[in-house]
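The following exercises are to be worked with the sequence and the model in view. Each task is followed by a solution in steps.

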Amino acid sequence: MTQHLAPKTPERRVIAGIALCAALAFVAAVASVSSISVLPPRIEARQLEIAGASARVLVDYPRPLLSDRLATGGDYRTLQKRAVLLGNIMASRPVREIVARRAGIDARQISSTARVTAAVQDAFSDTVSERRATEIRISASRYELEVQPDPIIPSVGVYARAPTVAQAVRIANAAVPAMRDYLGAVARREGSDPRSQVVLEQPGTARGALINGGARVEIFGLTFVFVFVLVAFALLLGTKLRRGFALGGSPSAAARVPTQRAPLPQTVREARRRRRPAVAPAFAQRLRIGVTPALAVAGASASAVPLPGGLRRTSDVRLALLSRRAALKAGDWPRTTRALPWMLAGMMGIVWLVPFNEIQLSYSLPIDLKLDRLVLPFLVATWALALAAGGAGAPRVRLTWIHLGIGGVAVAYLLSLVVGARNLNQTLELDTSVKQLTLLTAYISLFVIVASSVRRTEVSAFLRYTLVLAAICAIGTIWEYRFAYNVFYSASQALLPGVFTVGEAESSAVDAIGRRLVRGPGAVPLEAVTMLAMGLPIAIVGLMQSKVTRARVLYGLAVAIIFAATLSTERKSALLAPLSVFVTLAYFRRRELMRLAPLGVGIGVMMLALTPGAAQSVVGQLGGEQLDSVATVSDRTSDYDAVRPDVLSHLAFGRGFGSFKPPVHRVLDMELLGTLVQVGIVGLMAYLLMIASVVGVARRPIRERTPRDAAVALSAAGAAVVLLVVSTLFDVMSFPHCPYIALWMAGLLAVVVSRPPESESEAAWSS
Amino acid sequence: MELLTIVGVISQRRFAVALGLPFAVLVGLLLAGMLPFGPGPATTPGRGLAETRVLLDHRTPIVADLGAISDTLGTQAALLAEVMGGDTTRDAIARGAGIRPADLLIRRPQVAQLFAPGLLSQRTTEAVADLPAASVIAITAASPIPVLTIDVNAPTRDIAQRIATAAREMLRTVMAERAPTRGRALVVRPLGAVRAVALPASTRSPLVAVAAALFAFVFWVCSVVVLHGVLRVWRQASAAAATA
C-alpha cells in the first residue's frame, strides 16, 4: 500500500518532500500562535498581544508649592523622598489589591514592582538573584503595574501591562485613586488628619497602546522556518541513509554506484554526439509525455556515460566549457581572477584592521547597520550567485564535522528562540532576540563561504595573509600603547565618507583599576587580546616549521610583536589567552616547541622592549591579593549567583538566544555563563561541541604531519582553544572580531580536511 | 572568474533577464507616481512648526535680584511641564488655538532616568509618543535652568503659531491658579516671540524611483541566476536518479 502511494519519479518525490516539510512547518507554526484542540476540533488564537499604558503622578503638599516663590530646596527634597516612598507603597500588595478591584481584574493575576531610580552605586542597582527571581515571577503575570519614582522631582511614573489597551489604561488610571484610598484608610486607622497628607495629582488620564506589534508574525515565522529546515534535514538524512542501506544490501550495489564521473566533453560537437542516444527518452521524461518511468530510465541509462552535472542542452555544455576555460586561467589566490577569494581577503582585512563594530551608517534605520553587516551581504550575494551559476569555479559545500558543529549551534540557538518565543513576547524581549539572529547568520555565512570557496592550494597563502594582518594589528596596538593614538579608529575616521559614524577610542583613558584602555581595532581591550591570541599560533607554527633563517627571523619577529601587543592591553587575559595557545601547541608538538626555547629568550627580551611596563602590570595583577580585591574579579564571581533564577527557570533551552543583554540585564563577563542563561544546557553543549569539533577535526592533519595541512590544523586548533578560554573570561561572541576570526580559521581547516589533495584539479570539474 | 560564469548564465538566460527590464521600469514608474494605480509618489504634506521659550521667574526678575531664592525654580519648571501634560490643559490650549481637543496631543515629559529603564516603560513611552494626532505639542524643561521650551508640530504654520501662543498663555494661567497668594506667585516671562515656520510639501525624489528600478532589475537578474541554479540541481538529481 505504502509502495503504491509513494511518488514514482524523483521530481514528484522532491515535491512531495517539500510539501511535507511545508505542511508540518505550517501546523507547528499555527500551533505556536494558536491553541489547537482535537475534541472538539477547534483552533483558537492565543493571546499574544501586549498593551502598555502610562500615567504620571505629581506629589505635592496640600498647599501647592508649584507656584510658590518661597518654596525651598528642602521642601522639594522632602517631597521627592516622599514620592519615592509612595511609589514603593503603590507597588505593595494592599494597594495592588485595591488597583485590581478598581480596574475590575483578578487581584491574583496582577503583579507590581517599583524600580530603583535613585542615584545609587551600580552594585545596588545591578540585578541580583533575589530581584531577578521577582522579575521572572512578575513577567509571568497576566497584568503588571510598574512604578518609577522620578529621581529628581516629586513625581512618579506609573506603567501598566495588560492583554488589551483598555485594560492597561484602566490599571494605570486606578493606581492614583487606589493610593488615595489606601492613604485615607491608614489615616483613619491611625487617627491622623487626612488633610495633612500629601496630595497626589494625576495631570491627565493614562495613555495606552499596543507595545509588541508584529509578535504574532515573528513567532509564526520563526517556528515555520525552524520546523521546515529541521524536517527537510531529517528527510534528506533519511533518504541518504535509506539509499546507502539499499545499496549496501544489494549484491549489484557496487555495479550501480557511479564510481567515476565522465570527463567534460572538449567540444560542443562531442557533447552532442555523447548525448544523442539518450535524447528522446530524457526529453520525454522531462516533459512526462507518453513515456513510462521504466522506459525513461532505460533511455537515460542507454547513454554509455552520462554527461557530468546532468548537462543536456547545448547551451549548458557551452556554459560549462566557458567556465572550464575561465577556471584554467584563474590560478590560486593571490594570483587569481576569482572574485570570491579577493572578497574574502577584503573582508578579513576589515575584520583585522577596521573597528567595524564601532562604525555605522549615520542614517536612522530600524536595525543598526554596522560596517560588517554592510559589506558581508555583497560577499554572500556573490557566493550565492556563483553557487547558483555552477561551473568550474562555483563554491562547493562539503560537509565536515565542523559544519555539523556550527549547524548544531545554529539549531540549538534557534530552538531556544522557538521554545521561548511566547515567554520572550511576554517580557517584551522577542524583538531584541530576533535581531540578534542577524549576527549569528553573519558568523555562519562567513564560515560557509570560506569552507566552500577557498581552494585547498590557497590555504597556505591565506594563512600567511592572516599572519600579516595580525602583525599589522599588533603593531597598531603597540603604537596605541606607546603613543596613546589609535591608528585604526583615526584612519577609519579619515578614510570613510561622512555617511559613516566612527566611534571614539580614548586611548589615554584608564579603567576603574588604573589600566590603560588599549583596544586596537576592537571595542574593548579584551577583544584585541583575543584577536591577537588567535593570530599567535600561525606565527608560532611558522616558526616551528621554518627551516630558512630569514623565515625564522620573520616568524620570530611576528611572535614577539603579537605577544607584546596582547600584553600592551594590560589585561590579565593577555597572559592567559597566549598561554592557552602555547599549551595547545605543546600538547601536539612538545619537542618542536622545546627546541624553540632558546629563541624564546630573545623573543621575550624584544617583547619587553616593545611594551615597557606592560608585562609587569599584567603579572602584578595576577598576585594573590590583587586578584581577590579588584572589581573585575568580584563582578565576575557575583555573576554566578545573579543568573541562578534565569538558569533554573529555563534549564534545558535557556530563556532565548540574545535575550540577556544590557542595559536591561546585567553584563555577564563570561560567554559560557551567558550561553547557559540564554540557550540553556542544550545550547551550551552545542557551543562547546562546536569548539571541540574544530580541535577534533584538526587532530588528523596534525598527526599526519604534512607541513601545509598541519600548519592550518595547529593554527585552527590554537584559535579554537583561545575561543574556549576567553569564553570563560568575557562575552566574546558579543564582540564580532573574535568569532569572525575563529570561524575564518575553522573554515580554512574545513577546506583542508574536506578536499583530498590529489582530487583538487578533478574536483574543479565535478560540480 | 565566478563573475564570468554568472555573466554566462545571464547571457544564456537572456530572454528571462530581458523580462526584468519591463518589470524594473514598472517599479520605477509606480514609485514615480506616473501610473494611474499603485502607491503613487510619496508626498509629504506641508507642516507648520512653532517654537517659543519662557522663563519661570519671580515678580522681581531673579537676574536683577541676587537675594531671591532661585534654586527651586528649575524643579518648579519641570513640575510645570508635567502639569501641562494634563487633559484639562490640553482642552484649554486647543480651545485657545481654535482647534478640536482630539486633534491635539501633548507629549508628556519622561521620568529622568539615572539607570536603565525597564522594557515596559521604555516601550510604552515610545508607543504612546507615536499615537496619531494632527498637532503635537511638547513642553520640556531645561532643568535646573528654569526655562521651558514649547515645540509645536501642526498641519499649518498658522495653527502651530496659535497653539504655541495658547500654550504659553496656559502656562501663565496655571501658575496664577496655583499660587498660594498673589504676592508669592511665580510668573512666566516669554523669552522672545513665538517663532513659526512652514515646511513645504515635499515629493519623493525621482532618483529614488530610478534607484528602485535599478534595484528591481538587479534583484530580477539575481533571481534568474538562482532559479537557473535550482533547475540545474533539479536536473542533476533527476539524471542521477534515472541513472541509478
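## Exercise 1: A salt bridge within chain A

Task: In this predicted model, determine which residue forms a salt bridge with Glu49(A), and where the two partners are placed.

Solution. Glu49(A) is paired with Arg216(A) in a salt bridge, with 3.4 Å between the closest N and O atoms. The next step is to place both partners: Glu49(A) belongs to the loop between β2 (42–45) and β3 (51–60) of chain A, while Arg216(A) belongs to helix α8 (residues 215–249) of chain A. The pair links distant parts of the chain, 167 residues apart. Over all chains, the structure holds 35 salt bridges.

## Exercise 2: Helix α7 of chain A

Task: Compare the span of helix α7 (residues 165–190) of chain A with the expected value, and find where the helix bends.

Solution. The helix has 26 residues, so at 1.5 Å a residue it should span 38 Å. Its end C-alpha atoms are 38 Å apart, which agrees. There is nevertheless a bend of about 35° in α7(A), at Ala175(A), and Pro177(A) follows within four residues. Just after the helix comes Gly191(A), with a positive phi of about 75°.

## Exercise 3: Helix α16 of chain A and what follows

Task: Describe helix α16 (residues 401–426) of chain A from its start to the residue with positive phi that follows.

Solution. At the start, a side-chain oxygen of Thr400(A) comes to within 3.2 Å of the backbone nitrogen of Ile402(A). The 26 residues of the helix reach 37 Å from first to last C-alpha, close to the expected 38 Å. Along the way, α16(A) has a kink of about 65°, centred on Gly420(A). After the helix comes Leu428(A), in the loop between α16 and α17 (430–453) of chain A. Leu428(A) is not a glycine, yet its phi is positive, at about 65°. Most residues other than glycine have a negative phi.

## Exercise 4: A cis peptide bond

Task: Identify which residues the cis peptide bond with omega of about 10° joins, and locate Pro334(A).

Solution. The bond joins Trp333(A) and Pro334(A). Pro334(A) is found in the loop between α13 (314–329) and α14 (339–353) of chain A. As background, most peptide bonds are trans.

## Exercise 5: The interface of chains A and B

Task: Describe the contact between the two chains, and state which element of chain B gives the most to it.

Solution. Chain B brings 70 residues to the contact and chain A brings 93 residues. About 7100 Å² is buried between them, with 63% of this area from carbon and sulfur atoms. Four salt bridges are counted between the chains; one of them joins the side chains of Asp431(A) and Arg123(B), at 3.8 Å from N to O. On the side of chain B that touches chain A, the elements that each supply at least two residues include α1 (2–12), α5 (119–129) and α7 (206–243). The most comes from α7(B), with 13 residues.

## Exercise 6: Confidence

Task: Decide which stretches of chain A call for caution.

Solution. Chain A has an average pLDDT of 85, and 84% of its residues score at least 70. Residues 275–311 of chain A stay under 50, although the model gives them 43 contacts beyond four places in sequence. Residues 758–767 of chain A are also below 50, with 18 contacts beyond near neighbours in sequence. Where pLDDT is low, the predicted coordinates should not be read in detail. For chain B the average is 88, and the predictor assigns the complex an ipTM of 0.87 and a pTM of 0.85.

Definitions and conventions
Residues are numbered from 1 along each chain as its sequence is written. Chains are lettered from A and ligands numbered from 1 in the order in which they are written. This is a predicted model: local features need pLDDT of at least 70, side-chain atom pairs count only at pLDDT 80 or more; totals for chains, interfaces and linings use all residues. Side-chain values use heavy atoms; hydrogens and water are left out. The expected span of a helix is 1.5 Å times one less than its number of residues. The bend at a residue is the angle between axes fitted to the seven residues ending there and the seven starting there. A polar contact is a pair of N or O atoms within 3.5 Å; within protein, one must be able to donate a hydrogen and the other to accept it, and residues adjacent in sequence count only if both atoms are side-chain atoms. pLDDT is the predictor's confidence in each residue, from 0 to 100. Contact means heavy atoms within 4.5 Å. Buried area is the accessible area (1.4 Å probe) that two parts lose on being put together, summed over both.
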